[in-house]
Amino acid sequence: MARDRIRATVTRLQRHYRSQRTAPTSTLVHTPHPYTRALGLTAVVLLGAWLGLLIVGSVRTPVGPMDTSMTLRPSLSGGTKINVSPLGALELDTHVAPIRLDVDVDQLDPARSQALVEHPERLSGLQSEVTSDVTDGTTGLALRSCVAVVSGATALGLAVYRRPRRALAAGGLALALLAASGISAYATWNPKSVLEPKFSGLLSSAPSVVGNARSIVTEFDVYQKELARLVTNVTKLYDATSTLPTYRPDPATMRVLHVSDIHLNPASWHIIGSLVEQYDIDVIIDSGDTMDHGGAAENSFLDPIPDLGAPYVWVRGNHDSAATQRYLEELDGVHVLDDGRAVTVAGLRVAGMGDPQFTPDRSVAAQGDPAERMAGIRLASALRDQKRAGTPVDIAVVHNPVAAHETDGEVPLALAGHIHNRRNELLPRGTRLKIEGSTGGGGLRALESDEPEKVRTSVLYLDRRTKRLQAWDEITLGGLGLTTAEVSRHLAEPDTPGTSPSPSSPATPP
């Protein structure tokens, strides 16, 4: 019996071996790993959906007096980009999703725009018209995009796999991904984003596109009005071509131009003078490092300051010498702040403290952050004295952010520079600290890097009655050559101490 079982087992093994030797070659092909198959299908779906959107995923629709094209594009951050050729573009953080809405303003309809010019009363109905046009356009875009991504993914799936079932699976997955993206965009929709756009191109010269600072703060819940105003102003821009409308600030808004770290760049004076005129600046505040080595030979660089068109408030940076400070004290329209001294300029009460260190002097060892903290403590004491005297300070100015942190709770707004990088921080006790980048693009230091450092400055909007910060425009130019320009509008959010932490300044001073 046992011998029969052994004989039967051997027979079965022999048959199995012979079947393996004679098996068709195709049965020996390695089956792909499930993860590899899933990754391949995902690649097909994404590529096919993108091709579908690229080829047929655009709709043309009128928005008010303009003819536009709307398109969905893959994106890591989402948002909306409005291209107003040839004037530039506006970028809005409207939503967070892997898709971005691109709106290209193709042309201005002459008949509709002329009707608005000849009948201004029609502007009152532009709000509902624009809202309806945008709704119709986005609805049509959503339907067309669904067809585009399904068709693109299905067609590419059929070309790659040559199996209808796999192709249909690719189309279904593409539709599911688009639906999920739409849900994400809807859930994160930010109607206030139109109040905080980023401008580029010629549009960066037209901050009036989004209205004045006072309306920005008081009209949070009027997105439709702002959208209509945006379309109206774009109409004006087209009508004016390259002659952009003049910025008309609210009479109840004060405008402060914050500059820092000019580092002997003569182009900075032209930029500052232009911004003073364009924005009707009330006062310029310079948080130091206007010079590079602080020698007497550099002093003539400061001579254009009295002709900039606005009072100039200055504190010493670690590249500014005592000789530089004395020279500035003799110039008309310049207010030099040091040792906690406070002045009232254009209705603003400003106090400041010069940097305690002059780093170009190699004969003196730098004391680092401890010296900066001590300077900040002295300034905070002076701010408390001003408050007790009934003349509270609205803005404190230092060069190094380390010193600025010591003023927390003693003043609503503190300004600094030094790190050549723009930061915004609400300190734990309620003081808002704004650190400006280099308005001189790093000066000659810009030549040391592979890419030129950008030129940065900000326009701060303050309520004339309360002296509180309402909003600010961050202005960024493209370094040497100044080939690009951006203006980003930001709102001063309710004071919630401890938000938006700012990294500490580097150990080695710039």
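Q: What makes a run of residues a helix or a strand in this description?
A: A helix is a DSSP run of H or I with at least four residues, and a strand is a run of E with at least two; both are numbered from the N terminus. In this predicted model, the protein has 11 helices and 19 strands. I55, for example, lies in helix 2, which covers residues 34–56.

Q: Why is I55 called exposed?
A: The relative accessible area of I55 is 67%. Exposed means over 50%, so I55 is exposed.

Q: What makes L47, W50, L51, L54, I55 and V56 a patch?
A: A nonpolar patch joins nonpolar side chains within 5 Å, taken from residues with over 30% relative accessible area and no salt bridge. L47, W50, L51, L54, I55 and V56 form such a patch on the surface, and together they have about 530 Å² of accessible area. For the protein as a whole, about 25100 Å² is exposed, and carbon and sulfur atoms supply 56% of that area.

Q: How do you know that the span of helix 5 is close to the expected one?
A: Helix 5, residues 164–187, has 24 residues and reaches 35 Å from its first C-alpha to its last. The expected value, at 1.5 Å a residue, is 34 Å, and the span is close to it.

Q: Which residues of helix 5 are called buried?
A: They are R166, A167, A170, G171, A174, L178, S181 and A185. An α-helix has 3.6 residues a turn, so residues three or four places apart point the same way. Across the protein, 48% of the 510 residues count as buried.

Q: Why is D408 called buried?
A: D408 has a relative accessibility of 8%. Buried means under 20%, so D408 counts as buried. Its place is in the loop between helix 11 (401–405) and strand 14 (413–416).

Q: What makes the side chain of D408 a partner of the backbone nitrogen of R429 and of T431?
A: A polar contact requires N or O atoms within 3.5 Å. The side chain of D408 reaches the backbone nitrogen of R429 at 2.8 Å and that of T431 at 3.2 Å. Leaving aside residues up to four places away in sequence, D408 touches L427, P428, R429, G430 and T431.

Q: Why do D102 and R100 count as a salt bridge?
A: The closest N and O atoms of D102 and R100 are 2.6 Å apart. The limit is 4 Å, so the pair forms a salt bridge. D102 is buried at 9% relative accessible area, whereas R100 counts as partly exposed at 27%. The structure holds 12 salt bridges.

Q: What makes D280 and R255 a salt bridge, and which parts does the pair tie together?
A: Their side chains meet at 3.7 Å, N to O, which is within the 4 Å limit. D280 lies in the loop between helix 8 (267–279) and strand 8 (283–286), and R255 lies in strand 7 (residues 253–259), so the pair ties together parts 25 residues apart in sequence. D280 is partly exposed at 43%, while R255 counts as buried at 4%.

Q: How do you know that K387 and E410 form a salt bridge?
A: The closest N and O atoms of K387 and E410 are 3.9 Å apart, and the definition admits pairs within 4 Å. K387 belongs to helix 10 (residues 369–388) and E410 to the loop between helix 11 and strand 14, so this pair ties together parts 23 residues apart in sequence. Salt bridges that share partners also join R255, D280, D282 and R464 into one network.

Q: Why is H418 called buried, and what joins the side chains of H418 and H399?
A: At 2% relative accessibility, H418 is under the 20% limit and counts as buried. A polar contact of 3.2 Å joins the side chains of H418 and H399. H418 lies in the loop between strand 14 and strand 15 (423–426).

Q: What makes the phi of L264 and of K467 notable?
A: Most residues other than glycine have a negative phi. L264 has a positive phi of about 65° although it is not a glycine, and phi of K467 is near 65°, also a positive value in a residue other than glycine. L264 lies in the loop between strand 7 and helix 8, and K467 in the loop between strand 17 (455–463) and strand 18 (469–477). L264 is partly exposed at 24%, while K467 counts as buried at 17%.

Definitions and conventions. Residues numbered from 1 in each chain as written. Predicted model: local features only at pLDDT ≥ 70, side-chain atom pairs only at ≥ 80, totals over all residues. Heavy atoms only, no water. Patch = residues over 30% accessible without salt bridge, like charges linked within 9 Å, V, L, I, M, F, W, Y side chains within 5 Å. Areas by Shrake-Rupley, 256 points an atom, 1.4 Å probe, with all protein chains shown as cover. Buried < 20%, exposed > 50% of the residue type's maximum accessible area, 1.4 Å probe, protein only. Expected span 1.5 Å × (residues − 1). Contact = heavy atoms within 4.5 Å. Polar contact = N/O pair within 3.5 Å; in protein donor to acceptor, adjacent residues only side chain to side chain.
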